[in-house]
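Biologist: I'd enjoy a close look at one buried residue here. Could you walk me through its surroundings and then set it in the context of the whole chain?

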Amino acid sequence: MSGPVTLAARARVETPQASRYLTQLCKHWSHRFPETEFGPERGAVPFGEGRSATFEADAEGLTLTVTAPDLAALTRLEGVVAEHLARFAFRENLGGLAWTRLA
């Protein structure tokens, strides 16, 4: 027997403010999802129902990874994460996130 299928997608945004955005995203969701963990270089938000997001910041940018149990949930989570990042990064024109589905 195999376990539940988990789908994943990743996006990368080049910005010198990566650690700041990682912190803002995680702090925002930590009020609703208390299991959220984060530091200056890595954050993880367990959204429940098999959905999660991780963020990795370095000097050049922010890598965002989302996971979900099905394609519809993954697509919704991509949109939610992208919308929140755009809101926090309103001073920068980051452009749209290009998500890559992972095998």
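Modeller: Happily! Let's take Leu 77, bearing in mind that this is a predicted model. Leu 77 has a relative accessibility of 4%, and because buried means under 20%, it falls in the buried class. Its place in the chain is helix α2, which runs over residues 71-88.

What does Leu 77 touch, once residues up to four places away in sequence are set aside? The list is Phe 47, Arg 51, Ser 52, Val 66 and Thr 67. Take Val 66 from that list and look at the spacing: 11 residues separate Val 66 from Leu 77 along the sequence, while their C-alpha atoms lie 6.9 Å apart in space.

From here it is a short step to strand β5, which covers residues 61-68. Thr 63 is part of this strand, and it makes a good second stop. With a relative accessible area of 15%, Thr 63 is under the 20% cut-off and therefore counts as buried too. Its side chain has a polar partner: a contact of 3.0 Å links it to the side chain of Arg 12. Arg 12 also appears among the residues that Thr 63 contacts beyond four places in sequence, together with Arg 10, Ala 11, Thr 54, Phe 55 and Glu 56.

Now let's step back to the whole protein. It has two helices and six strands, and if you trace them along the sequence, the order is β-α-β-β-β-β-α-β. Of its 103 residues, 39% are buried. As for contacts between residues at least 6 apart in sequence, 54% of them connect residues at least 24 apart.

How does the radius of gyration fit with the chain length? A compact globule of 103 residues would be expected near 13 Å, and the protein has 13 Å, so the two agree. If you prefer to think in terms of a box, the C-alpha atoms fill one of roughly 45 × 30 × 20 Å along the principal axes.

The outside is worth a look as well. About 6200 Å² of the protein is exposed, and carbon and sulfur atoms supply 54% of that area. Finally, the charges: there are 11 positive and 12 negative ones, and the mean positions of these two groups are 5 Å apart.

If you are turning the model on your screen, you could start at Leu 77 in helix α2, pass to its contact Val 66, and end at Thr 63 in strand β5, with Arg 12 as its side-chain polar partner.

Note on methods. Residues numbered from 1 in each chain as written. Predicted model: local features only at pLDDT ≥ 70, side-chain atom pairs only at ≥ 80, totals over all residues. Heavy atoms only, no water. Helix = DSSP H or I, 4+ residues; strand = E, 2+ residues; numbered from the N terminus. Buried < 20%, exposed > 50% of the residue type's maximum accessible area, 1.4 Å probe, protein only. Polar contact = N/O pair within 3.5 Å; in protein donor to acceptor, adjacent residues only side chain to side chain. Contact = heavy atoms within 4.5 Å. Rg over C-alpha atoms; globule rule 2.2 N^0.38 Å. Areas by Shrake-Rupley, 256 points an atom, 1.4 Å probe, with all protein chains shown as cover. Lys, Arg positive; Asp, Glu negative; His and termini not counted. Charge placed at Lys NZ, Arg CZ, Asp CG, Glu CD.
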